[in-house]
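User: I would like to know what stands behind the labels used for a structure such as this one. Please show it, and then I will ask.

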Amino acid sequence: MTSSASILLIPGEDASWRVWKPRSSGPSEAVDTLADYGDLSKPVLVGLPATACRTLGLMLPQADHAILQDMVAAQLERRGIKGAGGAPPPFRFHVLGHAGPNAIISVDVLAEPFPEELAVSNAENYAAALRLVQLPVGQLVITEEQGELVVAASHQGKLFHSHVFAQRPAEAEQLAQEILFTRLGLESLPGFGTTSGITLVGQWDADVVADLRKVAALPVQVVDRLAPGNVDTRNWTALL
């Protein structure tokens, strides 16, 4: 199955959730909580906010799935990311491509403890919300998920890395600093490439955008929203 054939529940800028129906051009409704979505007749694909599901970008030697699984678990442990009893937390990795001898890996990692209110009985699966949308190629993206600002990067439009860094409102200097640190970290990875610009998603203060254009040292564009992409979910393991 692909995400374009599923009902998507994606976090909004506020505390609500947006409902995207298959092949729609925009969200059909908003619900206050996942439990408020009343249509239980069809399975849904839940996009988790970065506060509940962080995404790590890794470059690892090419190997078969089982070996990559072990290498990803080792990388999580090295970063101090642990679940109950010190074991790795629930995660799922995605191979986005290859760069020379390395595989380009993106890992969705559930928060520990996982918020109980985000567990949905008719969910067919879960993913980081930004994995379900089409990201602008070569851009660092700053978007808002339920009041938290999230910075994200992609590989050819598919989510590679994302993390929460602040709450709204944020000044241009704070945005520029996070952009610089994130950019330096990602561009140090062999095969990641360079960042060509910044995309701000949603409604932004015109003065903040103007100031960011002065200090970011990269082109800045503003878009209303990110549309769901056509993500192949057939080989996804269960995240929760």
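**Labels and their cut-offs**

Analyst: Pro113 is found in the loop between β7 and β8. The model is a predicted one, in which local features need pLDDT of at least 70 and side-chain atom pairs count only at pLDDT 80 or more, while totals for chains, interfaces and linings use all residues. Residues are numbered from 1 along each chain as its sequence is written, and side-chain values use heavy atoms, with hydrogens and water left out.

User: Why is Pro113 called exposed?

Analyst: Its relative accessible area is 72%. Exposed means over 50%, buried under 20%, and partly exposed in between (1.4 Å probe, protein chains only), so Pro113 is exposed. In space, Pro113 and Pro89 are 9.2 Å apart, C-alpha to C-alpha, and in sequence 24 residues apart.

User: What makes His155 buried?

Analyst: His155 has a relative accessible area of 17%, so it meets the definition of buried. The residue lies in strand β10; strands (E, at least two residues) and helices (H or I, at least four) are DSSP runs numbered from the N terminus. Setting aside residues up to four places away in sequence, His155 touches Leu96, Gly97, Ile104 and Phe160, where contact means heavy atoms within 4.5 Å.

User: Why is the pair Asp108 and Arg131 called a salt bridge?

Analyst: A salt bridge is a side-chain nitrogen of Lys or Arg within 4 Å of a carboxyl oxygen of Asp or Glu. For Asp108 and Arg131 the N to O distance is 2.8 Å, so the pair fits that definition. Asp108 lies in strand β7 (residues 102-110) and Arg131 in the loop between β8 and β9 (139-145), so the pair ties together parts 23 residues apart in sequence. Both ends count as buried: Asp108 has a relative accessible area of 0%, and Arg131 one of 6%.

User: How do you know that Glu144 and Arg168 form a salt bridge?

Analyst: Their closest N and O atoms are 3.2 Å apart, which means that the distance condition is met. This pair links distant parts of the chain, Glu144 in strand β9 and Arg168 in the loop between β11 (158-167) and α2, 24 residues apart. At 15% Glu144 is buried, whereas Arg168, at 27%, is partly exposed. Elsewhere, salt bridges that share partners join Glu13, Asp14 and Arg18 into one network. Within that network, the closest N and O atoms of Arg18 and Asp14 are 3.5 Å apart. The whole structure has six salt bridges.

User: Why does Glu148 count as having no salt bridge?

Analyst: Lys and Arg count as positive and Asp and Glu as negative, while His and the chain ends are not counted. For Glu148, which is buried, the nearest side chain of opposite charge is Arg168, 11 Å away. That distance lies outside the salt-bridge limit, so Glu148 has none. Its side chain does have a polar contact of 3.3 Å with that of Gln167. A polar contact is a pair of N or O atoms within 3.5 Å; within protein, one must be able to donate a hydrogen and the other to accept it, and residues adjacent in sequence count only if both atoms are side-chain atoms.

User: How do you know that the buried residues of α3 line one face of the helix?

Analyst: In α3 (residues 206-215), Val208, Val209 and Leu212 are buried. They fall within an arc of 100 degrees seen down the axis, so they line one face; the arc is taken from the directions from the helix axis to the C-beta atoms. Ala206, Asp207 and Lys214 are exposed on the other side of α3. The buried residues pack against α2 (172-187), β12 (197-201) and β13 (220-223). At the start of α3, a side-chain oxygen of Asp205 comes to within 2.8 Å of the backbone nitrogen of Asp207.

User: What makes a group of residues a nonpolar core?

Analyst: Such a core is a set of buried Ala, Val, Leu, Ile, Met, Phe, Trp, Tyr and Cys residues joined through side-chain atoms within 4.5 Å. The largest one has 38 residues, and Leu48 is among those that touch the most other members. Strands β1 (7-11), β2 (17-20), β4 (44-48), β8 (123-128) and β10 each supply at least two residues of this core. A second, separate core of 28 residues includes Ile104, Leu186, Ile198 and Leu200.
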